[in-house]
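Colleague: I'm new to this one. Could you walk me through how to read it, feature by feature?

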Amino acid sequence: MFRVLGNNVVRFWQIILVCWVVAVAGISYVAPEWSSVVQNGEFAFLPADSPSLQGEKLFKRAFPDDLLASSIVIVVRREHGDQGLRPQDLKFIEDTLKPQLEKIVEEQGGYATENTEQGEVSQKSNISRIRTYTDKSIGNLLQSEDNKASLVIVELSTEFLDQSNAKTVESIEHLLANDEFKKTIEPGLDITLSGIATVGRDMIRAANQSAEATELWTVLLVVLLLIIIYRAPILALIPLFTVFVSVKIALSVLAILSSWGWVGLFSGIEVYVTVILYGAGVDYCLFLIARHREELDKECTFKEAVSNSIATVGSALAASAGTTMCGIGMMVFAEFGKFQQAGIAMALSLFFVLLASLTLSPALLCLAGRFAYWPQTFNERVAISAGWLTPSSVMARLMQRNWAGSLWESVSLALLRKPGKIWLSTFMILFPFALISLACYGNLSYGLLSELPSEDPSVVGTKAVQGHYPAGATGPLTLLFENPDVNFSNSEGRNAIEQLTAALLEQKDELGIADIRNMTKPFGIGAADEMEEARNLTGLRKIGALSRIKLIKNYYVSSEPELENHVTRMDLILEKDPFSHDSMMQLERVKKAVSSALPANLRDNTELYYIGATASISDLKNVTDKDQARIDILVLGSVFIILVILLRRPAISAYLILSVFFSYLVTLGVTFTVFWALDPYNFTGLDWKVPMFLFTILIAVGEDYNIYLITRIDEEQKTRDPVDGVISALKSTGGIISSCGIIMAGTFASLMAGTLVGMQQLGFALAFGVLLDTFIIRPIIVPAYLIMLYRGYFGSWGKYLGAAQFLDAKPQPKLDSSHVK
């Protein structure tokens, strides 16, 4: 098959080049704008039956006027002095700041409203309401207890990671930075931005900056490494152009498929696709070109060498790509939408880079002809020279030395002398890091703010809020009670909520609850009882108080048809940051406490939901934890089956799987150690996405190098004895696999160029994991085991461990002195 492909590529290389150029131009032209086909958000990718999403659906039905989405929080503070906020400060909020915010609403088309029949938000401004301290329902809650801060809540109809929020946040930022507006601010008054929508805007901005930086550094690193490796600029451009075309076509095809509704794409997926294609694509081209040079050394012509290269390495490249595609493709079985989409997008994209590596790269070699290796040679056969340096120079003589070959020659001799000791000592050095990864495996960060730089507006604003309010005030935990048999507006329902509130207050410190707000405590546990105050009033004051109580009641008890008086809410303000790992443990304690403290009349037929940032993150953790376990098994199983099919040696295939899995554990342990050491005080764990993407990519990509090595071992063992075959394969593939590993690691390291901590952690982990696999697992752990196996170190067990055909033929000596100098 690949022989036929090689002959056809050489014969029709001009047509192949034209087809690729037309394809990239045509597909790019018809593809829709990338931003129009990607979906934003985080919790929107949870399974539809997630408890928090079910709770949000009920909330929207029960309280349609309160568009549960996101908000921008403006923190107005007066830090200095004991008096706190002055009357003129409050007047500024109501008479100056709020009108300016309403002006922004008018400029954007008016307040957002919801069509309750169709469940759609009108296409106006995404601002649904502005609340200040004068708000009759929650105004009191916006004032800090120390009277030094007041919050202005700009409620939005969109999710916190919606792209449209950026315009609103920036409009408010421009207002606060306006010189004319600054003149109206009272001296000593400080205004900062916070809120979940501001966090989302900063996350999107950081992700876009990270994507741009990653792509730039990926290209620069690949160019630099290729030139260093080849010392031939034209030859270095061939893999780069091949991968560039592959990425362009892959992203365009994904955009088209997404516009047709065939695949889903999340914002930021292009970073993963770009990085994996550059890493894998350059590797494929390197192996092809390396074989091309070997064929040229056999006195072949350039085109004969191209054809022979495709024929000899085509199957290995296809097997490698197939393994990677199958391994990464297992993510499609995840429940979390982003993992599903990443698996489909990366697996599909790898097909294009494989196709380009087997057709476009050889066609470009044919186009370049004898100039491909310039300035090393102008002859048909490539000579070994120092490139553009004069042959007599010291640097030229240094560059002529085959440093990679010398390295793997030394490694080979060491493995022949003491394979067992080298294997054991290497394992013992790495094993502690594997233990660290197992001990810290669940120590993951789900926080959004922990991913952002400390100087970002949302981080600064959140710290300002937490200086005067409980940490959980930025994201209350809301409990929804739905019971068709209980009327929460009468004494029965009110008494049930009072009993539950009292039970929770008894465990307030243990549960980490800072405040409780519900229809019996509308302004928190420290506020006076509104109903009691109303009873003691007379005349117009009593009418006004009762009107306010009715408004508050509608805030906490649903007045919608079918749900009227049968759904109520309770807001818990936790002491922990709602995005922290500790808040999820708090949530579990609260759930147990609420379940045990429910009054008798609420125990039967009551549907209880938890919504809010903490509840959503808890669902995210539960889903991704299950996904991690499921995908780990599927990836290992699928890659093992592929290895068995390719190698026909189940025992050796199992060892290769274990070796790469061990590499993953070591890499995860090193990553935990490094990022903890960089900031021991603030380190809250690795980003929750790191283990999943690291495992999937590292297992799939790591087996590529094993496939290259084992297929070469099989080739060498046809003419040599088993141990000689291992050593010869190690020497012949050592240099090229090292080059591939360095380029792959450099590509992954480009993820560290962005500002998102999670991407930096993933970039480091992938780069370290590839280097570990390239320089330790593949050249030491695997060959040492094979040498011991073929020499009979495992006795009769060797037949079951993959050496039956050799051990039955003849016993292997424990030391081949011909290899030892």
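Colleague: Let's begin with the surface. Which residues make the nonpolar patch?

Modeller: Keep in mind that this is a predicted model. The patch is built by L216, W217 and L220, and it covers about 320 Å². To place it, look for helix α7, residues 196-230, where L216 lies.

Colleague: Next, the sheet. In what order do the strands run?

Modeller: Read across the sheet and you get β4-β5-β1-β6, an open sheet of 4 strands with antiparallel pairing. At the edges sit β4 (127-131) and β6 (190-194), each with pairing on one side only. On average, neighbouring strands are turned by 20° against each other, ignoring direction.

Colleague: How many bridges join β4 and β5?

Modeller: There are 4 bridges between β4 and β5 (residues 149-156), in the antiparallel sense. For a spot to look at, find I130, which stands opposite V154 in β5.

Colleague: Now a helix. What span should α8 have, given its residues?

Modeller: Count 1.5 Å a residue: the 27 residues of α8 (233-259) should span 39 Å, and the end C-alpha atoms are indeed 39 Å apart, so the two agree. Helix α8 is also mostly covered, with 20 of its 27 residues buried. Just after α8 comes G261, with a positive phi of about 85°.

Colleague: And charges? How many salt bridges does a search of the whole structure find?

Modeller: The search finds 28. One of them joins D89 and R78, with the closest N and O atoms 2.7 Å apart. D89 is in helix α4 (87-107) and R78 is in the loop between β1 and α4, so this pair ties together parts 11 residues apart in sequence.

Colleague: Is D89 buried or exposed?

Modeller: Buried means under 20% relative accessible area. D89 has 0%, so it counts as buried, and R78 at 5% is buried too.

Colleague: Where are the partners of the salt bridge between K626 and E335?

Modeller: K626 is in helix α22 (613-647), while E335 is in the loop between α10 and α11, so to speak a link between distant parts of the chain, 291 residues apart. The closest N and O atoms of K626 and E335 are 3.8 Å apart. K626 is partly exposed at 47% relative accessible area, and E335 is partly exposed at 29%.

Colleague: Which residues are linked in a network of salt bridges?

Modeller: Look for R291, E294, E295, R712, E715, E716 and R720.

How values were computed. Residues are numbered from 1 along each chain as its sequence is written. This is a predicted model: local features need pLDDT of at least 70, side-chain atom pairs count only at pLDDT 80 or more; totals for chains, interfaces and linings use all residues. Side-chain values use heavy atoms; hydrogens and water are left out. Patches are made of residues with over 30% relative accessible area and no salt bridge: like charges are joined within 9 Å, nonpolar side chains (Val, Leu, Ile, Met, Phe, Trp, Tyr) within 5 Å. Accessible areas come from the Shrake-Rupley method with a 1.4 Å probe; for residues, only the protein chains shown count as cover. A salt bridge is a side-chain nitrogen of Lys or Arg within 4 Å of a carboxyl oxygen of Asp or Glu. Helices (H or I, at least four residues) and strands (E, at least two) are DSSP runs, numbered from the N terminus. Two strands pair if DSSP finds at least two bridges between them. Axes are lines fitted to C-alpha atoms, for helices over the stretch in contact, and angles run from 0 to 180 degrees between N-to-C directions. The expected span of a helix is 1.5 Å times one less than its number of residues. Buried means under 20% relative accessible area, exposed over 50%, partly exposed in between (1.4 Å probe, protein chains only).
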